[in-house]
Amino acid sequence: MVLQIEPDSDIELAKKKFKKLSLLIHPDKNPDDRDRADQAFDIIKKAMKQIENPLELNRCKDCYTEARARLAIVMSEKRRKAKKENGTNEIEEDDPEVYKKQLWITVTKVFADREKKRKMLEERANEEKRRAAETIQQAAEKRKLAEEFAKNYEESRDERSGSWRNFQAKKAKREEGGKTMRGAAFRPPKPKRRAAETIQQAAEKRKLAEEFAKNYEESRDERSGSWRNFQAKKAKREEGGKTMRGAAFRPPKPKLQK
């Protein structure tokens, strides 16, 4: 399509067309628009390399075949619609020039669809590779941790064995001295109060003691007056022959509510 030749053309015709186009759009031939000329020249060189590669050439022919099949389906649908609406099978694609134009448009779409699919498959493959690499890395890390644990466990074997032997020796010594650990009730150690809690409790106790002393001092006169009044009433009753000693306590009679 880039070289403007038919898909069934042979390689010799493609080379002639490439030579003709390269002379036409070569950057040296277009000094006023050299950037666009460079881009166009790179495109036709890439197209020529694809044609010279048998695999790429077959892929291009497959795209062309698929494009013709797609266009045939579209034309068939247009003929059916035209016959239903106008009573004729004629469509604009019956014109060779229009058909050629529509075919190249369809070929372009086929190439774009295949390129999109190729990129999608490539991204999927890369994602699978990334996940596989992460899985391998995680497995390697787990294996490394397991090896380190086994190594540390082996290195601490003597230390653990020595601790057990010391425990057994102390136990045997206590049993020989009449102090056995068998059947002894386990008593957990008393929790130690934190320094901050102890200081706070001491401060609260000191505050309560100060308040009690203050209230006691303030009520001294009141308590003394109450005691003097009690003594005076007692003496007065004794002078009148009424003593409180041995007197039976009689609760006050309840007042009837009106």
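Partly exposed residues are those between the buried limit, under 20% relative accessible area, and the exposed limit, over 50%. The legends below describe close-up views of a predicted model.

**Figure 1. Lys-78 pairs with Glu-92 in a salt bridge.** The closest N and O atoms of Lys-78 and Glu-92 are 3.5 Å apart. Lys-78 belongs to helix 3 (residues 54-86), while Glu-92 sits in the loop between helix 3 and helix 4 (96-155), so this pair ties together parts that are 14 residues apart in sequence. Lys-78 counts as partly exposed because its relative accessibility is 33%, which falls between the limits of 20% and 50%.

**Figure 2. Arg-79 forms a salt bridge with Asp-94.** Here the closest N and O atoms lie 2.5 Å apart. Arg-79 is in helix 3 and Asp-94 in the loop between helix 3 and helix 4, so the contact ties together parts that are 15 residues apart in sequence. Both partners can be placed by their accessibility: Arg-79, with a relative accessible area of 28%, is partly exposed, and Asp-94, at 37% relative accessibility, is partly exposed too.

**Figure 3. Glu-115 and Arg-118 form a salt bridge within helix 4.** The closest N and O atoms of the pair are 2.4 Å apart. Glu-115 and Arg-118 are three residues apart in helix 4, so about one helical turn separates them. Glu-115 has a relative accessible area of 30% and is therefore partly exposed. Arg-118 is also partly exposed, at 41% relative accessibility.

**Figure 4. Four charged residues are joined in a network of salt bridges.** The members of this network are Glu-66, Arg-70, Asp-113 and Arg-114. Side chains of opposite charge can pair when their charged atoms come close. Across the structure there are 14 salt bridges.

**Figure 5. Phe-149 and Tyr-153 form a stacked aromatic pair.** A search of the whole structure finds two aromatic pairs, and one of them is formed by Phe-149 and Tyr-153. Their ring centres are 6.2 Å apart, with 25° between the planes. The pair counts as stacked because planes under 30 degrees apart meet that definition. Phe-149 and Tyr-153 are four residues apart in helix 4, so about one helical turn lies between them. Phe-149 has a relative accessible area of 59% and is therefore exposed, whereas Tyr-153, at 41%, is partly exposed.

**Figure 6. Phe-212 and Tyr-216 form a stacked aromatic pair in helix 6.** The centre-to-centre distance is 6.2 Å and the angle between the planes is 25°. Both residues lie in helix 6 (residues 195-218), four residues apart, or about one turn of the helix. Phe-212 counts as exposed because its relative accessibility is 61%. Tyr-216 is partly exposed, with a relative accessible area of 41%.

**Figure 7. Model confidence varies along the protein chain.** The chain averages a pLDDT of 79, and 82% of its residues score at least 70. Confidence is highest in helix 4, with a mean of 89, and lowest in helix 1 (residues 11-25), with a mean of 76. Helix 4 also holds two of the pairs shown above: the salt bridge partners Glu-115 and Arg-118, and the aromatic partners Phe-149 and Tyr-153.

Key:
Residues numbered from 1 in each chain as written. Predicted model: local features only at pLDDT ≥ 70, side-chain atom pairs only at ≥ 80, totals over all residues. Heavy atoms only, no water. Salt bridge = Lys/Arg side-chain N within 4 Å of Asp/Glu carboxyl O. Buried < 20%, exposed > 50% of the residue type's maximum accessible area, 1.4 Å probe, protein only. Phe/Tyr/Trp six-rings, centres within 6.5 Å; stacked < 30°, edge-to-face > 60°. pLDDT = per-residue confidence, 0-100.
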